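User: I am new to reading protein models and would like to know what stands behind the words people use for them. Could we go through this one step by step?

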Amino acid sequence: MCGIVGYIGTRKVVPILLEGLKRLEYRGYDSAGLVYFRNSRLIKHRAQGKLSNLGKIVEKVLGVESHVGLGHTRWATHGAPTTANAHPHGDCKDNLVVVHNGIIENYQNLRTELKKKGHIFRSETDTEVLAHLIEEYLDKDLVRAVRKALKRVKGSFAVGILWNGRPDIMVAARNHSPLVLGINNGDGTLLASDVPALLPYTRKVVYLEDKEIAVLASDKWEVRNLDNGRKINKQVQTITWNAGMAEKAGFKHFMLKEIYEQPQALINTLRGRIEPQSGRVELPELKKLATVLNNIERIALVACGTSWHAALVAKYWLEDWVGIPVEVDIASEFRYRKLLLHKNVLTLSISQSGETADTLAGIRLASQLGSRVITICNVVGSTMTREADATLYTHAGPEIGVASTKAFTSQLAALFLFASYLGQMRKTLSAHKVRQLGQAIIGLPPLLEEHLPALQEKIKTVAERFYDSRNFLFVGRGLNFPIALEGALKLKEISYIHAEGYAAGELKHGPIALIDKDMPILGLVPRDNVYEKSISNIEEIRARQGQLILIGSKGDRQLKKITDHVLYMPKTPTMVPELNPILFTIPAQLLAYEIAALRGCDVDQPRNLAKSVTVE
Ligand code: AGP
């Protein structure tokens, strides 16, 4: 999410900042800005949209004699992608500026407190709060003021800060959001959220860890602990990757990088929304619809593609935990059928981009019929978020690969939160169940993080065996039926192998005719309430010599007796089978990825597909 670049040294700073920002463009952004010193004043330039817009604005100052500055590309999280919300953000007098990646969870409270003290805000962002908070603590010592302010901040941050009281230094700090220093011996010190921005100038870097604060000067730098201020001895490392590899953080494709980003994306979706002890879910963005949510009789879920698969999973959660009927529609069908919607039916749209034409048309129709609309979306300020009555953001960060991976699992996490929230609100879930669900989903990201590398290694072997198949079937039951659909979609869209997903119990009604010794079938068989039924379906496939790949729960020895190709997933925290769809999606994504990579396909930009489908 977002990009930061900073420089303090002897060279002219504006071209360095622009070049650095260009190299961070791949991360996705919707506005950009930069700041530099001129005659001891901080001069800011900001622009909505592409970096070329900022480029036009700063054309005349490329040669300006300024040697200290910060640049930023913003991917909106709080407030629409406008120029006013673009970074850098300043304090009341613009004597101090901040660029920030991440999310300040308690920004509303801080903003209210600062407003009472007379601070005037000029944007809707969480970041601006930080500039004013530092201003509150500032006397002569910038580092001390930044430390004091950051101690009060809850959430994630990578920040770069400049103050006209100390134009000889730049301060940077991180917590759960990456930040790296570039050491350009004798020719300045750099700051960036990601290595590619540094590569034209240096390959010597220092990675900041969580809760570290750095002070950069033209010819020196130091890193301290954010809490106690003690100096930390940091190692300078040498980057051996080229720029292309660095953009993908060493991964071969964006899709693989995004698969590996899922634990962090889930943390971002959950951040600040679950009380860890009780598991209670807080979704302040939905408060204004409290009466509606208490009175609804039905929910209509509408989405396309992968987002539709997320909706199919959510139907199980909502019906089980809230006990109200849920209907799920593909948006292109929804918009052309007789819709029986009214004010007591909630329409919930799910869209990564927030721009999908069919889904957008669907929510417009729903609104016209008096239904209130909530959208689950990843892109702040997108059309759907502007038109919905409320938005639940997934905060997965920009997704570059056309195949949706982290956006999907984040949608599932947001829907999981929504269903639990509704069950809480309508008292259909017991406090015990709320705690069990909440604690389980909080425990999921570390479990995934730990498991991913070994899982990928095992999947490589399976992919080598099956990559030249012409067809593939994916089967699952219950909550994992939509994951079978999603696995098949992933495989077909990036490897061009014909793949279909089925509810395992449906095979005997037709698709079983396809099964012979040449047909690979991936079966999702976690230990859940339909396990025995799933195994019966798997046996039906085995009897017809289908080539089975089974994904099951750790410790299930029965699966090994059925096939050699078994992938085990860890048991979900607090043994909540409802979380299996998030967990079991990962091997399906990895299998699609490994097969497509072996077939030499353009994994990140498959033929005929677009990231955002803005036409009908
Ligand atoms: C899946 O990998 C695709 N990218 C596609 O199915 C996508 O989910 C669909 O086009 C919907 O997009 P949205 O979530 O942006 O609305």
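Analyst: Let us begin with the ligand in this predicted model: the shell around the ligand has 15 residues, and those that come nearest are S307, S351, S353, T356 and E493.

User: What makes the pair formed by the side chain of E493 and the ligand a polar contact?

Analyst: An N or O atom in the side chain of E493 is 2.5 Å from an oxygen atom of the ligand, and because a polar contact is a pair of N or O atoms within 3.5 Å, this pair counts as one. A polar side-chain atom of K490 lies 3.1 Å from an oxygen atom of the ligand, while T306 brings a backbone N or O atom to 3.1 Å from a ligand oxygen atom.

User: How much of the ligand does the protein bury?

Analyst: The ligand taken alone exposes 410 Å², and the protein buries 91% of that area. Two elements, α10 (305-321) and α16 (481-495), give two or more residues each to the shell around the ligand.

User: How many residues of each class does the shell around the ligand have?

Analyst: By class there are 8 polar, 5 nonpolar and 2 charged residues in the shell around the ligand.

User: Why are β6 and β7 said to pair?

Analyst: Strands pair if there are at least two bridges between them, and β6 (residues 96-101) and β7 (residues 157-163) have 6 bridges in the antiparallel sense, so they meet that condition. One of the residues involved is H100, whose bridge partner in β7 is V159.

User: What is the order of the strands in the open sheet that holds β6 and β7?

Analyst: That sheet has 7 strands, in the order β5-β6-β7-β8-β12-β13-β14, with antiparallel pairing. Its edge strands are β5 (89-90) and β14 (231-232), each of which pairs on one side only.

User: Which strands do the helices α4 and α5 lie across?

Analyst: Helix α4 (residues 127-137) lies across β5, β6 and β7 and runs at about 140 degrees to β6. Helix α5 (residues 142-151) lies across β6, β7, β8 (170-175), β12 (212-216) and β13 (221-225), and its direction is about 145 degrees to that of β7.

User: How do you know that the peptide bond from H87 to P88 is cis?

Analyst: The omega of that bond is near 0 degrees, and the bond from H87 to P88 is listed as cis. P88 itself lies in the loop between β4 (68-74) and β5. In the loop between β5 and β6 there is D94, which has a positive phi of about 60 degrees although it is not a glycine.

User: What makes β9 and β10 a pair?

Analyst: Strand β9 (residues 180-183) and strand β10 (residues 189-192) are joined by 4 bridges, and since at least two are needed, they count as paired; they run antiparallel. Within this pair, I183 stands opposite T189 in β10.

User: Why are β3 and β15 called edge strands?

Analyst: Each of them, β3 (41-48) and β15 (237-238), pairs on one side only. They stand at the two ends of the order β3-β2-β4-β1-β10-β9-β11-β15, an open sheet of 8 strands with antiparallel pairing. Helix α2 (residues 51-58) packs on this sheet and touches β2 (31-38), β3 and β4, with its direction at about 140 degrees to that of β3.

Key:
Residues numbered from 1 in each chain as written. Predicted model: local features only at pLDDT ≥ 70, side-chain atom pairs only at ≥ 80, totals over all residues. Heavy atoms only, no water. Near = heavy atom within 4 Å. Polar contact = N/O pair within 3.5 Å; in protein donor to acceptor, adjacent residues only side chain to side chain. Areas by Shrake-Rupley, 256 points an atom, 1.4 Å probe, with all protein chains shown as cover. Nonpolar A, V, L, I, M, F, W, Y, C, P; charged D, E, K, R; others polar. Contact = heavy atoms within 4.5 Å. Axes fitted to C-alpha atoms, helices over the stretch in contact; angles between N-to-C directions.
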